[in-house]
Each structure stands twice: as C-alpha cells, then as structure tokens.
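The exercises below are meant to be worked with the sequence and the 3D structure open side by side. Each sets a task and then gives a solution in steps.

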Amino acid sequence: MSLLSPANFDGDAIRRGFNFLIAAQLADGSWPSTPEEKTGCWVTSLACWVLAGESEGEKKYSRAIASGLSWVCDDWPRDSSWWQRSLRRLSFAKQQFKYNDSARGWGWTPGTSSWVEPTAFALLALGCRGSREEPEHPSAEKRRKLAELLLYDRMCPGGGWNCGNPEVYGVAGEPLVIPTTWALLALRKYPERRENIQSVAWLEKNLSKIQAPGSYASARIGLAAYGRQRTEDAASAGDLQAKNEFLSNIPVAAWMTLAASNPQNWLAPGKHS
Amino acid sequence: MLNRRLIPSFQRPPSRVMIRRAASYEQELGTLIYESLVEFALPVKDKVVLLKPNLVGPDPLGVMNTHPAVIAATRESFLRLGASQVLIGDGPAMDRDTEAILESVRLREFVGPLPRIFVDLNIDDVERVPLATKASRLKELYMPKTVLGADLVVSMPKLKTHHWAGVTLSLKNMFGTVPGSCYGWPKNVLHWAGIDNAILDINAAVKPDFAIVDGIVGMEGNGPIQGTPKACGALIFGDDPVAVDATCCRVMGLLPERIKYLAAAGTMLGHINVDKIQQVGEAVVALRSKFAVLKEFSALSEAA
C-alpha cells in the first residue's frame with residue numbers, strides 16, 4: 001500500500017508484491033499470515049484492500065478480491081453464536097467485561113472473538129469491494145452495520161481504542177495509538193460523531209508523548225485522515241526511528257511511508273497512480 | 001534447547017530453586033545474579049541464550065514489566081559465563097508497538113543499542129511445531145525461529161497475579177513466544193483453546209530451560225496489567241520452571257496445587273511438590289508476602 005503512493009511509486013516492487021499476493025491466496029479465498037500456514041486469517045482483509053488499491057486492481061484482481069471478501073463475510077467470530085452468547089450470560093465472564101454482545105466484528109483468526117483492529121481492517125476492505133461487476137456478498141451490509149456497532153461499543157471511555165477491552169473488572173482500559181488509528185480510518189465516514197471527535201482529540205493530545213516511530217506514524221495517518229495535518233513536526237517520525245536504531249520492521253516502515261503521503265491518495269480504492 | 005524431552009514428573013530428579021533477597025532495582029544486581037547462576041552450573045559456554053522477559057505495555061510505575069535492570073544484569077551474567085550470544089526476545093500480547101513498550105521500559109538505557117540484541121517475537125520468522133501434549137485443542141503452533149533455535153531459553157517473568165489464570169509466572173510468560181503476526185494481538189486463539197491447557201502445550205513445545213522471576217516489586221490484585229504494586233524483595237531462580245512457579249506461589253501466599261495449569265504441569269513438565277524441590281538461598285518463609293487476589297481466586301490463598 002505504501003509503495004502505491006505517488007511519492008513512493010515503484011512499479012517493479014509493486015508488481016512483485018501483487019504477484020506474491022495472488023500466489024499466496026488460498027483456495028477458499030483467504031490469505032494466511034505466513035506462506036507456511038494453510039489457514040486464512042486477519043491479513044485477508046488487508047490483502048483485499050491492497051489489491052483494490054492498485055489503479056487497475058478493481059478489474060485485474062476482481063476475482064481474487066471477490067473471493068477474499070466472500071471469505072471475510074463468511075468468517076463470523078465464534079463469540080457471536082447464540083450458544084456462546086447464552087453461555088456468557090450465565091458465566092462469570094459477564095462480570096469481567098461489559099459490552100454489547102449483539103455487536104459483532106472479526107477476530108484475528110477464525111473461530112475466535114471480535115477485536116478492534118481486524119474489525120477495522122475488514123470494514124476498510126469491504127469499503128473497497130473490488131469490481132463493481134461482482135455482486136456484493138449477501139451478508140456484507142449486515143456485517144458492516146454490526147461491525148460499526150462493535151467498534152463504537154468497544155471505544156474506551158473518553159475516546160480512543162485498545163485491542164477491544166474498554167473495561168475489565170470495572171476498570172477502564174487505556175487506549176492505544178495503533179488500534180485508535182485503524183478504528184478511526186474504518187469509521188471515517190462519521191467524522192461528526194461524538195466518538196470520532198473524542199478519539200481524534202485523544203490522538204492529537206497524545207501525539208507529542210509517543211516514543212516510537214510506528215505509533216507516531218500511525219497517529220499521523222489517523223489525524224491526516226480527519227484533515228489534521230501536522231507539518232510542523234514532520235521530522236519527528238524519522239527522528240524517533242534514528243534514535244531507536246532498532247527493529248527495522250516492515251509494518252513500521254510501511255506506516256512511516258504512508259504517514260508521509262496524503263491519505264486521500266491511498267485511503268480510497270483505485271486512486272493511487 | 002537443553003531439555004528437549006518430556007519426562008513424567010515421577011521420573012524426574014529433584015529440581016533446584018534458589019530464592020535471593022534483593023531489596024530494590026537500584027542495588028547492584030549483576031553480582032547477585034551472576035553468583036546465583038554460577039550455582040546452577042548451566043552449560044552455556046559458546047551457546048546462544050534467549051532471555052524472555054515479560055513485556056506487556058507502557059508502564060510508568062514499573063510494576064507491569066520485568067524490570068530492565070534485572071534483564072540487563074542477567075544478560076551480562078550469561079555473557080560472563082561464556083555464552084556466545086545473549087538475545088532478548090518477547091512478543092507483547094496486547095500492544096503491537098513493541099518499540100513503544102521498549103522505550104517506555106527504558107531497556108535501551110540499560111542494555112545499550114537494541115538492533116542486534118532484541119528480537120520482536122511477534123514478527124519473527126516462524127516454523128510449524130506439532131504439539132505433542134495436546135492438552136488443548138490445538139494440534140500445532142507456528143513458533144518464532146529465534147525461540148526454536150536458541151540453545152538455552154530463560155523465562156524471566158514478573159511476580160504477578162493474573163485475572164484469568166490466577167498467577168502469571170515463568171510458564172504463563174511463555175505465551176509471549178507465540179507470534180502475534182500469526183495469532184493476533186491478543187493471541188486470542190490461546191484463550192479459546194483454554195488458557196490453562198494452552199500454557200501446558202506451549203511449555204511442552206518450547207521447554208524453557210531456566211527461569212528467573214523478578215519479584216523485587218510484583219503485582220497483586222487485578223493483574224497482570226491493572227493490579228497494585230507489591231514489594232516482595234525477591235529474585236527467584238531455577239532450572240525447572242514448574243518448581244520455580246510453585247515456589248513463587250508459596251512466596252505469594254498461594255497454593256500452587258490449586259492453580260489448574262500448575263497442578264497439571266506438575267505431572268508432566270516439572271515438580272510442584274515441596275519434597276521434590278531442593279530449596280537453596282533464602283527460605284520461602286523469610287520472604288513470604290501475601291498477595292491479594294480477586295475474589296474469584298480466593299480459594300488459591302493459603303488461608304482459604
């Protein structure tokens with residue numbers, strides 16, 4: 001995704017990346033997190049989102065995207081079943097967590113619970129559902145609504161998100177930068193909602209306290225998506241990276257590259273070149 | 001790893017656990033830890049050692065994560081003992097930004113530049129590991145190559161209560177070796193598999209060779225994140241993580257045999273029975289400090 005941005009456009013690398021993605025897709029339409037694995041997971045949404053992000057992606061990869069999104073729509077979290085919800089009402093877990101269990105999103109892996117980030121990834125992927133010629137999955141609209149409900153329900157008191165525990169044993173959870181950014185990106189069509197405003201304000205307030213380039217870049221992405229450009233401290237992500245001399249990991253490098261690009265260039269599908 | 005075989009507890013020789021008094025993180029920990037390790041005569045010369053601390057999240061009070069002074073002193077000690085390389089690795093469960101956690105923990109200030117020392121196990125290359133024990137429903141896990149390739153794995157938890165498992169010590173700490181890139185943040189598949197049983201499967205697969213528990217300041221109550229600091233003034237060492245955890249429980253005023261995963265681990269991974277644990281250093285009673293637990297776990301307390 002970061003290489004698709006006009007400022008970083010690298011045709012060769014992009015072609016190799018797309019070829020890798022197409023080759024890695026499993027027969028059921030999903031993507032595994034590593035080539036060795038044979039089961040799809042949270043990266044499926046991101047793969048669909050990236051493929052749809054290429055200027056010709058909607059046509060060129062429409063089948064891959066459609067089968068990926070179909071897998072996403074069929075992947076219901078395990079805690080959403082009638083049986084699991086009934087069990088929860090009877091168990092002591094009810095006292096541990098307070099949340100609306102009619103809301104449902106996505107888990108990191110199939111057959112687990114809903115969490116903030118994979119739910120945000122799926123919403124972003126469903127928002128760019130590939131070729132308009134491909135019919136949308138019958139449950140896509142329902143799942144979008146339930147997932148938005150889940151994200152708002154799991155927001156921490158006062159704004160921002162963590163992995164998805166706004167309160168445990170009556171104690172409020174602390175928000176984290178990266179889940180907050182992804183949730184805000186997934187919910188960006190509701191910029192006037194109180195929860196979005198509170199969460200953007202939380203990100204802005206905490207930007208100067210961030211000590212690592214990954215979170216910093218992520219916060220910049222989230223703020224830019226809501227029109228809060230921070231040109232005055234543009235060097236900070238690089239400074240943090242240089243100071244750390246550390247973990248040259250791919251997600252952090254990608255977030256930093258995306259943070260340096262205008263989000264309008266990569267947030268919507270097919271607008272990258 | 002040194003102890004690759006699973007040995008039923010009844011066939012195991014007695015385990016050794018050492019309790020050392022350490023009043024604060026400001027005191028000189030290097031000599032204390034080095035001398036303690038010498039007592040165990042670990043075969044680490046020219047070996048690759050992996051230290052697995054418990055790094056959970058930003059921790060301004062310094063009670064949630066293994067303290068960097070303990071990590072740094074342990075690293076130095078293993079180097080002094082002749083290890084060819086001493087890596088530090090963890091895969092935090094809730095927060096994807098491992099660098100942010102390391103910055104807040106100030107690990108770099110204690111051990112120096114991290115690029116060739118620290119491994120983010122959440123994004124390491126992985127290898128499929130079949131789970132021989134099948135305590136949980138999981139048949140296999142993809143595990144970091146750094147963990148599987150280390151000659152000696154040292155679990156270095158913080159002495160804490162845990163709101164789902166009762167306590168989180170050297171066995172529970174190994175959850176952090178499971179890679180987030182495969183299983184997410186949190187590693188929820190382990191919760192669905194049953195935390196107690198997943199702890200057994202992971203420890204049977206990774207088989208940590210040694211444990212050093214940071215009990216200088218622990219956490220009681222609603223641990224492992226939102227609990228209350230509890231000064232205990234102890235470092236606890238041992239070549240059997242099960243025995244170390246059982247001893248930690250006794251120091252915390254808890255009954256190890258009532259902790260489900262520990263009771264099960266005592267049948268297949270190590271010893272929890274005091275008769276099978278050779279206690280050296282301070283006596284348990286000398287440093288016993290009753291840890292408060294949530295009411296759901298009141299049956300774990302010795303008084304219960």
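Which residue with a positive phi follows helix 9 of chain B? Helix 9 of chain B is followed by B:Gly253, whose phi is positive, near 75 degrees. Before going further, note that this is a predicted model, in which local features need pLDDT of at least 70 and side-chain atom pairs count only at pLDDT 80 or more, while totals for chains, interfaces and linings use all residues. Residues are numbered from 1 along each chain as its sequence is written, and chains are lettered from A and ligands numbered from 1 in the order in which they are written.

**Exercise 1. Establish the confidence and the overall make-up of the chains.**

Step 1. The model scores ipTM 0.92 and pTM 0.93. For chain B the mean pLDDT (the predictor's confidence in each residue, from 0 to 100) is 94, and 98% of its residues reach 70 or more.

Step 2. Count the elements, where helices (H or I, at least four residues) and strands (E, at least two) are DSSP runs numbered from the N terminus. Chain A has 13 helices and two strands, whereas chain B has eleven helices and twelve strands.

Step 3. Turn to burial, for which a residue is buried if 20 or more other C-beta atoms, placed from the backbone, lie within 10 Å of its own, exposed if 12 or fewer, and partly exposed in between. Buried residues make up 45% of the 273 residues in chain A, and 58% of the 304 residues of chain B.

Step 4. Check the dimensions of chain B, whose C-alpha trace spans about 45 × 45 × 40 Å along its principal axes. Its radius of gyration, taken over C-alpha atoms with a globule rule of 2.2 Å times the number of residues to the power 0.38, is 17 Å, which agrees with the value near 19 Å for a compact globule of 304 residues.

**Exercise 2. Describe the side of chain A that touches chain B.**

Step 1. Two residues are in contact if their C-beta atoms, placed from the backbone, lie within 7 Å. The contact takes 34 residues from chain A and 30 residues from chain B.

Step 2. On the side of chain A, the elements that give two or more residues are helix 9 (177-186) and helix 11 (213-225) of chain A. The largest share, three residues, comes from helix 11 of chain A.

Step 3. By class, this side of chain A has 17 nonpolar, 13 polar and four charged residues, with Ala, Val, Leu, Ile, Met, Phe, Trp, Tyr, Cys and Pro counted as nonpolar, Asp, Glu, Lys and Arg as charged, and the others, Gly among them, as polar.

**Exercise 3. Trace the partners of strand 10 of chain B.**

Step 1. Strand 10 (residues 210-220) of chain B is mostly covered, since ten of its eleven residues are buried.

Step 2. Two strands pair if DSSP finds at least two bridges between them. Strand 7 (residues 152-156) of chain B pairs with strand 10 of chain B in the parallel sense over two bridges, and B:Ser155 stands opposite B:Ala211 in strand 10.

Step 3. Strand 8 (residues 158-162) of chain B also pairs with strand 10 of chain B in the parallel sense over two bridges, with B:Met219 in strand 10 as the bridge partner of B:Lys160.

Step 4. Strand 11 (residues 228-238) of chain B runs antiparallel to strand 10 of chain B and is joined to it by nine bridges; B:Gly215 stands opposite B:Ala234 in strand 11. The loop between strand 10 and strand 11 of chain B holds B:Pro224, and the peptide bond from B:Gly223 to B:Pro224 is cis, with omega near 15 degrees.

**Exercise 4. Compare the burial of two helices and two loop residues in chain B.**

Step 1. Helix 3 (residues 98-105) of chain B is largely enclosed by the rest of the structure, because eight of its eight residues are buried. B:Glu99 and B:Glu103 are among them.

Step 2. Helix 9 (residues 241-251) of chain B is mostly covered, with eleven of its eleven residues buried, including B:Asp245 and B:Arg250.

Step 3. B:Asp46, in the loop between helix 1 (29-40) and strand 2 (48-53) of chain B, has a positive phi of about 65 degrees although it is not a glycine. B:Asp46 counts as exposed because it has 10 C-beta neighbours inside 10 Å.

Step 4. B:Lys134, in the loop between strand 5 (126-130) and strand 6 (140-144) of chain B, has a positive phi near 50 degrees. With 13 C-beta neighbours inside 10 Å, B:Lys134 counts as partly exposed.
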